Amino acid sequence: MRGYFGIGVESISKPGNLGNLMRSAHAFGASFFFAVAPALPLGELRRSDTSDAARHLPVYSYGSVEEFSLPKGCRLVGVELTEDAETLPSFFHPTAAAYVLGPERGSLSAEMQARCDHLVQIPTRFCVNLAIAGAIVMYDRMLAQGRFARRAVGTHDEPEALAEHIHGGPVIRRPNPQG
């Protein structure tokens, strides 16, 4: 995969959500994690972050939106239920991106939304848990930017062949149906 991504939160208040999101970030290969104005310390999360993500990826904490910074060229993507937000399945993920989720029982601040290059929403009937929303966004990025064969159309069909470029030439590889 090309590029990188980070994921973070604004004004998070529940240690379980923080730990679960950090663990998912670690599992999905995030390059960094960040928190803006967190309402809890980013330290002891052993119960919900069993991978000890903070030992495996950089974790940044900012006191306010004004202090918050990203690497040059990194696009900020807010995950928020707003009328003008693009639906996640239609969204083209930037090569270098940072995804930010708002607080539990709240929304991204107006200041944070103004900083975002893009706003996306998960097309659900109502809000899902913050850590679940983050995992959905990271999974969507992985599918959109990864090299995965298309799903089979029917239950007895095989997935579409996956073209890979090895040493400059295309090589067709069929997924192993045995797993």
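In this predicted model, Leu76 sits across from Ala98 of strand S6. That pairing is a handy way into the middle of the fold. Leu76 belongs to a stretch, strand S4 (residues 75-79), that runs parallel to S6 and is joined to S6 by five bridges. Strand S1 (residues 4-10) also runs parallel to S6, this time through six bridges, and here Phe5 is the residue that stands opposite Ala97.

With partners such as these, how much of S6 is buried? Six of its six residues are, so the strand counts as mostly covered under the 20% relative accessible area cut-off. In a regular strand, side chains alternate between the two faces of the sheet. For S6, both faces turn out to be covered. Ala96, Ala98 and Val100 are buried on one side, while Ala97, Tyr99 and Leu101 are buried on the other.

Two residues of S6 reappear when the nonpolar interior is examined. The largest nonpolar core contains 26 residues, and Tyr99 and Leu101 are among those with the most contacts inside it, together with Ile7, Val9, Leu21 and Phe33. Two or more residues of this core come from each of S1, helix H1 (15-27), strand S2 (32-36), S4, S6 and helix H3 (130-145). The largest share, five residues, is supplied by H3. A second core, separate from this one, has 15 residues, including Phe32, Val65, Leu76 and Leu119. Leu76, the partner of Ala98, is thus a member of that second core.

Tyr99 deserves a closer look. Beyond its sequence neighbours up to four places away, Tyr99 touches Phe5, Gly6, Ile7 and Gly8, as well as Phe34, Val77, Phe91, His93, Pro94, Val137 and Arg141. One of these, His93, is found in the loop that links strand S5 (86-87) to strand S6 (96-101). Is His93 buried or exposed? With a relative accessible area of 2%, His93 is buried, because the cut-off is under 20%. The side chain of His93 makes a polar contact of 2.6 Å with that of Asp140. Apart from residues up to four places away in sequence, the contacts of His93 are Leu88, Tyr99, Val137, Asp140, Arg141, Ala144 and Gln145.

Aromatic residues offer another view of the packing, with six aromatic pairs in the structure. One of them joins Tyr4 and Phe32 in a tilted arrangement, with 6.5 Å centre to centre and 50° between the planes. Because Tyr4 lies in strand S1 and Phe32 in strand S2, the pair ties together parts that are 28 residues apart in sequence. The two partners fall into separate accessibility classes: Tyr4 is partly exposed at 24% relative accessibility, whereas Phe32 is buried at 7%. Both belong to one aromatic cluster that also takes in Phe34, Tyr60, Tyr62 and Phe68.

A polar contact is also found at helix H1, where Asn17 lies. Asn17 counts as buried, since its relative accessibility is 10%. Its side chain makes a polar contact of 2.9 Å with the side chain of Asn129. Leaving aside residues up to four places away in sequence, Asn17 touches Ile12, Glu104, Asn129, Leu130 and Ala131.

Conventions: Residues are numbered from 1 along each chain as its sequence is written. This is a predicted model: local features need pLDDT of at least 70, side-chain atom pairs count only at pLDDT 80 or more; totals for chains, interfaces and linings use all residues. Side-chain values use heavy atoms; hydrogens and water are left out. Helices (H or I, at least four residues) and strands (E, at least two) are DSSP runs, numbered from the N terminus. Buried means under 20% relative accessible area, exposed over 50%, partly exposed in between (1.4 Å probe, protein chains only). A polar contact is a pair of N or O atoms within 3.5 Å; within protein, one must be able to donate a hydrogen and the other to accept it, and residues adjacent in sequence count only if both atoms are side-chain atoms. Contact means heavy atoms within 4.5 Å. Two strands pair if DSSP finds at least two bridges between them. A nonpolar core is a set of buried Ala, Val, Leu, Ile, Met, Phe, Trp, Tyr and Cys residues joined through side-chain atoms within 4.5 Å. Rings of Phe, Tyr and Trp (its six-membered ring) pair if their centres lie within 6.5 Å; planes under 30 degrees apart count as stacked, over 60 as edge-to-face and the rest as tilted.
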